[in-house]
Amino acid sequence: MKIQIITLFPEMFVKVFGSSMLWKAQDRGIVEYALVDLRQFGIGSRKTVDDTPYGGGDGMLLKPEPIVAAIEYAKSQVAEDRSARVLLPTPRGKQYVQSDAKRLAAAGLNGGDLIVVCPRYEGYDERVTEYIDEQFCIGNYVLTGGELPAMVLVDSVVRLLPGVLGGEASAEIESFQDDDQNIEFPQFTRPEVFRGRRVPEVLLNGNHGEIAKWRAEHSHKA
Ligand code: ADE
């Protein structure tokens, strides 16, 4: 699965994609990341990517031409036997949930690559949305740009690809469980007593039926 990120700050992704499971996924050939520097598609000798909003207002908006040129370039980098969905993180998008991660990972296994466009500054010219397949929001708060949401999305998709974490994740993709069913139960490791707090007795007694029951009862949000 190829994942391309269009951003003014490619360096932000280098450590994240180069560490831990995201790195392993690329190392194992399961996923390929490509960073597309939006600045390279800027206009004129100054490589301008932003401008003031029509109608007035604070801040600068990303101009449509560089973004659309970068999307077209990224699409040209998609293999002939594959297609790519273009995603845009924005507070105005639909809430991103676990079933979206599963859908995008399953699509990845079936020839569907990803292009994620990261907006910056105060926003972007609305006309770019005609070149976007999905707008997504990772939570009810406003960040300074789309880079962190893009990283969240990539992490949530890549960990589901078979071979990244382990065997069970691929089955998880197939089942498309409800979003709330993904909450894990609390876990404990040694020592048995930490600063006076004991590991729940039921986890120590080796009774798998009772342990499963305890875990089911405790699989809810804090
Ligand atoms: N850009 C800024 N804030 C965002 C959010 N919460 N989700 C997605 N994109 C964003």
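Reader: How many salt bridges does the structure hold?
Author: Good place to start! Side chains of opposite charge can pair when their charged atoms come close. Keep in mind that this is a predicted model. Counted over the structure, the number of salt bridges is 12.

Reader: Which residues are linked with D100 in a network of salt bridges?
Author: Let's begin with two pairs. The side chain of D100 meets that of K94 at 3.8 Å, N to O, and D100 also meets R103 at 2.9 Å. Besides D100, the network links R85, K94, R103 and E134.

Reader: Is D100 buried or exposed?
Author: The cut-off helps here: buried means under 20% relative accessible area. Its partner K94 is exposed at 58%, and R103 is partly exposed at 30%. D100 has a relative accessible area of 7%, so D100 is buried.

Reader: In which helix do D100 and R103 both lie?
Author: These two residues are three apart, which is about one turn of the helix. Their side chains meet in a salt bridge. The helix that holds both is helix 4.

Reader: What is the angle at which helix 4 and helix 5 pack?
Author: Helix 4 covers residues 98-109, and its axis is 8 Å from that of helix 5. The contact is made by A101, L104 and A105 on helix 4, with L153, S156 and V157 on helix 5. The crossing is right-handed. The packing angle is about 65 degrees.

Reader: Where does E217 find its salt bridge partner?
Author: Look along helix 7, where E217 and a residue four places away both lie, about one turn apart. E217 is partly exposed at 45%, while the partner is exposed at 55%. With the closest N and O atoms 3.5 Å apart, the partner is K213.

Reader: How many Å apart in space are G112 and R82, C-alpha to C-alpha?
Author: G112 sits in strand 6, and its 13% relative accessibility means that G112 counts as buried. Leaving aside neighbours within four places in sequence, G112 is in contact with M1, R82, S83 and A107. Although G112 and R82 are 30 residues apart in sequence, their C-alpha distance is 6.0 Å.

Reader: Which residues form a nonpolar patch on the surface with Y141?
Author: Y141 lies in the loop between strand 7 and helix 5. At 44% relative accessibility, Y141 counts as partly exposed. The patch has about 280 Å² of accessible area together, and the residues that join Y141 are L143 and L148.

Definitions and conventions: Residues numbered from 1 in each chain as written. Predicted model: local features only at pLDDT ≥ 70, side-chain atom pairs only at ≥ 80, totals over all residues. Heavy atoms only, no water. Patch = residues over 30% accessible without salt bridge, like charges linked within 9 Å, V, L, I, M, F, W, Y side chains within 5 Å. Areas by Shrake-Rupley, 256 points an atom, 1.4 Å probe, with all protein chains shown as cover. Salt bridge = Lys/Arg side-chain N within 4 Å of Asp/Glu carboxyl O. Buried < 20%, exposed > 50% of the residue type's maximum accessible area, 1.4 Å probe, protein only. Axes fitted to C-alpha atoms, helices over the stretch in contact; angles between N-to-C directions. Left-handed = near helix turned anticlockwise from the far one by under 90°. Contact = heavy atoms within 4.5 Å.
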